[in-house]
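Colleague: Hi! Could you walk me through this model when you have a minute?

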Amino acid sequence: MRNSFWLILLCLAGVVSGQDVYEDLIKSEREAYLNKKQVKTKRSGNQYNLTYQNLKLTVDPAVRNISGSVYAELLAEEDGFNLVSFDLDSRMQVDSVYVNGTLASFQHINDEVLITTPTAPQGSAFSTEVFY
């Protein structure tokens, strides 16, 4: 009987301390979620809805070279749309950018490619292709 008492007491102590670990885990996961939620993923440009994207890559490990293009179809989410922003590491060199099949002006600054588009109303569909 005495051994049963100690066994029950030991189990209860494990459950109580296990709840503390569980609460700490919940708190840690909640903090991680809130930190991720606050990350700003879109730095510049107008709001758009990406409806299609195609990545074409050529990788040559012998000379440590990556080239290719990213084709995207977008819908403008605001009136007066005229600027698209994509992330691209600044170590990658942009060769050219096309908007709706026409050569477009762009800037590649701080891991971000800013593409100037013709001014368009909300809901307008257009395509971009970035070559690098």
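Modeller: Happy to; we can go from the overall fold to the sheet, the core and the surface. Please keep in mind that this is a predicted model.

Colleague: Thanks! How many helices and strands does the protein chain have?

Modeller: The protein chain has one helix and eight strands. Read from the N terminus, the order is α-β-β-β-β-β-β-β-β.

Colleague: And in what order do the strands of the open sheet sit?

Modeller: Five strands make up that open sheet, in the order E1-E2-E8-E4-E5, with antiparallel pairing. Strand E1 (48–60) and strand E5 (102–103) are at the edges with a single partner strand each, so one side of each has no neighbour in the sheet.

Colleague: Nice. How many bridges link E2 and E8?

Modeller: Seven bridges, in the antiparallel sense, between E2 (residues 65–76) and E8 (residues 125–131). As an example, Leu74 has Phe126 in E8 as its bridge partner.

Colleague: Let's move to the core. Which residues of the largest nonpolar core touch the most other members?

Modeller: Those are Val84, Phe86, Ile115 and Phe126, in a core of 16 residues. At least two core residues come from each of E2, strand E3 (81–87), strand E4 (96–99), strand E7 (112–120) and E8. Phe126 thus turns up twice: in the core and as the bridge partner of Leu74.

Colleague: What does Val84 touch, leaving out residues up to four places away in sequence?

Modeller: Val84 touches Tyr48, Leu74, Val113, Leu114, Ile115, Thr117 and Phe126.

Colleague: What share of the contacts is long-range, say 24 or more positions apart?

Modeller: Among contacts in the protein chain with a separation of 6 or more, 68% join residues 24 or more positions apart.

Colleague: Now the outside. Which residues form the nonpolar patch on the surface?

Modeller: Leu55, Leu57, Val59 and Ile66, with about 370 Å² of accessible area together. E1 contributes the most to the patch, with three residues.

Colleague: Take Val59, in strand E1. Why does Val59 count as exposed or buried?

Modeller: Val59 is exposed because its relative accessible area is 52%, and the cut-off for exposed is over 50%.

Colleague: What about the whole protein chain: what percentage of residues is buried?

Modeller: Of its 132 residues, 22% are buried. The chain exposes about 9800 Å², and 55% of that comes from carbon and sulfur atoms.

Colleague: Great, that gives me plenty to look at. Thanks!

Definitions and conventions. Residues numbered from 1 in each chain as written. Predicted model: local features only at pLDDT ≥ 70, side-chain atom pairs only at ≥ 80, totals over all residues. Heavy atoms only, no water. Pairing = 2+ DSSP bridges. Helix = DSSP H or I, 4+ residues; strand = E, 2+ residues; numbered from the N terminus. Core = buried A, V, L, I, M, F, W, Y, C linked by side-chain atoms within 4.5 Å. Buried < 20%, exposed > 50% of the residue type's maximum accessible area, 1.4 Å probe, protein only. Contact = heavy atoms within 4.5 Å. Patch = residues over 30% accessible without salt bridge, like charges linked within 9 Å, V, L, I, M, F, W, Y side chains within 5 Å. Areas by Shrake-Rupley, 256 points an atom, 1.4 Å probe, with all protein chains shown as cover. Salt bridge = Lys/Arg side-chain N within 4 Å of Asp/Glu carboxyl O.
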